[in-house]
Amino acid sequence: MSGRDPFCQPRRIRRGAALTLVFASVLVAGAATGALPQGQGKSALDAARSAGAPGRHTDVARAAEEAMADGKSPVQAAKRAVSRSGDRWGAVYSRGEYEQFEESLDGQYTGVGLWVRRERDGRVEVTKVRAGSPAATAGIRPGDLLRKVDGEKTDGRPVTEVVSLLRGDATDAPAGTAVRLGLERGTRAWTETLRRAQLSTDAVTARELAGRVTVIKVATFTKGSGHQVRDAVRQAPSGAGIVLDLRGNSGGLVTEAVTTTSAFLDGGLVATYDVDGEQRALHAEPGGDTTRPLVVLVDGGTMSAAELVTGAVQDRGRALVVGSRTFGKGSVQMPSRLPDGSVAELTVGHYRTPSGRGVDGRGITPDLETGEDALQRAGTVLRGLASPS
């Protein structure tokens, strides 16, 4: 599956990939796609531990420790503690899962090519299908409901767990293994058996449209995607306007989101965030292109790190935002190591746009709201912005 399948879809993005936004010594955002940069996961955990793990972190750690003492599963006990806490974005990873999570940013992953999200009623909906993937070949479409994976009901499960089932994380399922999906479309219900495949993320793509418009599509913020956006901006024809397409982008690495924002700003504030009440800030690097007309495309699948980028360029007056209201995930998660080596990732705060707007539960409202014709409208807006006054 894809869409960390919140913040990235690499080789084996584990449960937290799709909808996690982690801030520690390393910043990570994410829905169907966040993960820690390779080699830095332990520093993030060390930072979280050295800062102390107040509140829910302590409660979850205590539950895991008591389960270990009773000869029970500390991971399951930790999951129950997270569930009782009401933390919508909280997640628990076994030691092996988190190790895979740390190694997931090489641009490859095993899955079936689905992005999914959980609706407010608990149902899990397909938001995107990767072209050429097993899911696409089977005819699965955005809007279909995913009701079961290998007999396991998906309703009410965190997206991260659904992603884990699709990828076969529990058995470390390789490419070629089968997975049985229960699906619904309107009044039709059916079962589809797919075989997992090795897929690449193709996080950033660029193409030219008529009328001197360059479209840069960012599917997810994986390692290196920010520099790919910068390169695409530099390589765009002179005088071309830019459409930054973040539709369906469920998030990814916050560091890459900030680098992407830096491609369009000359320094300055990108976002503020708090960790257990302590206020911090993210800033763009200087030297970005501030002259080309810029339109950002968003929709209900635009989440987390993608919302961070959108809010920054909108508040800074750098871009017009076109499309539909974004998802509204602006919470901050921090990882902490549990006594058995597993990892709990719990919400510790929220981020805000440069003007101080909160995103969590609200989303970002476009400057120009539109539907299926969003790309066409964006092109029209860009051509208008580029016209001499």
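**Strands and helices in a predicted model**

Colleague: Let's start with strands. In which direction, parallel or antiparallel, do S18 and S21 run?

Modeller: This is a predicted model, and in it strand S18 covers residues 320–323. Two bridges join S18 to S21, and Gly323 stands opposite Glu369 in S21. The two strands run parallel.

Colleague: Nice. Which strands stand at the edges of the open sheet with the order S12-S13-S14-S17-S18-S21?

Modeller: The sheet is open, has six strands and shows mixed pairing. An edge strand here has a single partner strand, so one side of it is left without a neighbour in the sheet. The strands at the edges are S12 (204–209) and S21 (368–369).

Colleague: A helix lies across this sheet too. At about what angle does H9 run to S17?

Modeller: Helix H9 spans residues 305–315. H9 lies across S14 (241–245), S17 (294–298) and S18. Its angle to S17 is about 145 degrees.

Colleague: H9 also packs with H8. How many residues of the contact of H8 with H9 are nonpolar?

Modeller: The two helices pack at an angle of about 25 degrees, with their axes 9 Å apart. That angle makes H8 roughly parallel to H9. Val254, Ala257, Thr260 and Thr261 of H8 meet Ala305, Leu308, Val309, Ala312 and Val313 of H9. Two of these residues are polar and none is charged, while the nonpolar ones number seven.

Colleague: What about H7 and H8: how many polar residues does their contact have?

Modeller: H7 (residues 225–235) and H8 (residues 254–262) pack at about 15 degrees, with axes 7 Å apart, and are therefore roughly parallel to each other. H7 brings Ser225, Gly226, His227, Val229 and Arg230, and H8 brings Glu256, Thr259, Thr260 and Ser262. One residue of this contact is nonpolar and two are charged, and the polar count is six.

Colleague: Now the hairpin of S15 and S16. Which residue takes a positive phi there?

Modeller: S15 (residues 269–275) and S16 (residues 278–283) pair in the antiparallel sense over six bridges, and Asp274 stands opposite Gln279 in S16. The hairpin has two residues between the strands. The positive phi, near 50 degrees, belongs to Asp276.

Colleague: Last one: over which residues does pLDDT stay under 50?

Modeller: The protein averages a pLDDT of 82, and 82% of the residues score at least 70. Where pLDDT is low, the predicted coordinates should not be read in detail. The stretch where pLDDT stays under 50 is residues 1–53.

Note on methods:
Residues numbered from 1 in each chain as written. Predicted model: local features only at pLDDT ≥ 70, side-chain atom pairs only at ≥ 80, totals over all residues. Heavy atoms only, no water. Axes fitted to C-alpha atoms, helices over the stretch in contact; angles between N-to-C directions. Helix = DSSP H or I, 4+ residues; strand = E, 2+ residues; numbered from the N terminus. Parallel < 35°, antiparallel > 145°, perpendicular 65-115°, else oblique. Contact = heavy atoms within 4.5 Å. Nonpolar A, V, L, I, M, F, W, Y, C, P; charged D, E, K, R; others polar. Pairing = 2+ DSSP bridges. pLDDT = per-residue confidence, 0-100.
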